[in-house]
Amino acid sequence: MSRPSGLKSTLKKLPGFLFAVIAFLAPAASFAVPAKSRYDHYWLPDANSTYAPKIDGMFNTILWITMTVFVLVELGILYFLFKYRHKPGRKATYTHGNNKLEIAWTIVPAVILVFLAIFSNSLWSEIRDPAKFPKDAPVIRIKPRQFQWDITYPGPDGKFDTPDDINTINQLYLAYNSPIQIKLQAQDVIHSFFVPEFRIKQDAVPGMQTAVWIQPTKMGDFNIACAELCGAQHYRMMGYVHIVTPDSLASWLKSQAPEAPAPAAPAVDTTKAK
Ligand SMILES: [Cu+2]
């Protein structure tokens with residue numbers, strides 16, 4: 001067999017060489033791109049609500065447990081692959097298993113899962129059980145529809161669907177470090193209220209009210225994303241949450257208050273005119 005010519009051999013190696021160059025340069029190029037978005041980091045976004053660090057704690061706990069199990073299992077596979085590799089003359093032996101080992105690897109994961117269930121359930125109810133929502137926290141109503149967030153503040157009377165309601169579209173203003181309840185109800189299809197920095201994601205369903213509460217712990221502007229595929233322009237369904245001081249929220253609400261209705265014209269007493 002003759003050796004391939006120099007050019008042929010180079011061409012054969014070219015795809016592999018290009019792949020290696022791209023694989024090496026792609027991560028480097030991504031670092032070179034100027035960071036414009038707050039979502040440029042590779043891990044979780046900042047944790048900016050009272051319960052966000054607790055959710056992250058649970059996430060990290062589960063991640064460490066599953067990562068440890070994953071590494072141990074993969075190491076075991078590699079070890080046995082190597083130990084029982086083919087050797088001339090070696091025959092397979094048949095085993096019926098090991099009861100002690102099987103009991104151990106059933107009980108240990110079961111205990112871990114029960115621990116995680118208890119751990120996550122108490123955190124879940126702290127965040128999602130309406131009975132545990134912060135009492136006296138003001139209520140805001142958000143009624144998303146294709147493809148926007150209709151936001152209503154109840155106004156000075158504290159009641160919805162009254163003339164002093166304050167309505168905004170896609171702009172949610174919340175007070176720093178103050179708890180707030182949000183009632184959600186979709187107007188058309190299912191949407192999902194998602195603010196990654198608060199670690200809150202809740203479906204808004206037509207014909208049914210759902211509720212969340214938040215206590216923001218950082219000033220600034222963050223995105224509200226719709227996390228439910230809700231139609232052709234789902235990707236554009238972006239709102240903004242602005243965390244401001246309680247004072248500036250109060251003055252903003254005041255500035256947004258609808259004009260007081262003009263006083264009714266004085267009644268004309270027609271009986272005396274005659
Ligand atoms: Cu949507």
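## Copper site and open sheet

Gln181 stands opposite Trp213, a residue of E8. The structure is a predicted model, in which local features need pLDDT of at least 70 and side-chain atom pairs count only at pLDDT 80 or more, while totals for chains, interfaces and linings use all residues. Residues are numbered from 1 along each chain as its sequence is written, and side-chain values use heavy atoms, with hydrogens and water left out.

Strand E5 (residues 180-184) and E8 pair in the antiparallel sense over 5 bridges, where strands (E, at least two residues) are DSSP runs numbered from the N terminus and two strands pair if DSSP finds at least two bridges between them. Both belong to an open sheet of 5 strands in the order E3-E2-E1-E5-E8, with mixed pairing. Its edge strands, each pairing on one side only, are E3 (166-169) and E8 (210-214).

The copper ion has as its protein donors (N, O and S atoms within 2.8 Å of the metal, or 3.2 Å for Na, K and Ca) His191 (ND1), Cys226 (SG), Cys230 (SG) and Met237 (SD), lying 2.1 to 2.5 Å from the ion. Along the chain these donors follow the spacing H-x34-C-x3-C-x6-M. His191 lies in strand E6 (residues 191-195) and Cys230 in the loop between strand E9 (220-226) and strand E10 (238-244), so the pair ties together parts that are 39 residues apart in sequence. Two of the donor residues are buried (under 20% relative accessible area, with exposed over 50% and partly exposed in between, for a 1.4 Å probe and protein chains only), as the table shows.

| Residue | Relative accessible area |
|---|---|
| His191 | 0% |
| Cys230 | 5% |

Conventions:
Helix = DSSP H or I, 4+ residues; strand = E, 2+ residues; numbered from the N terminus.
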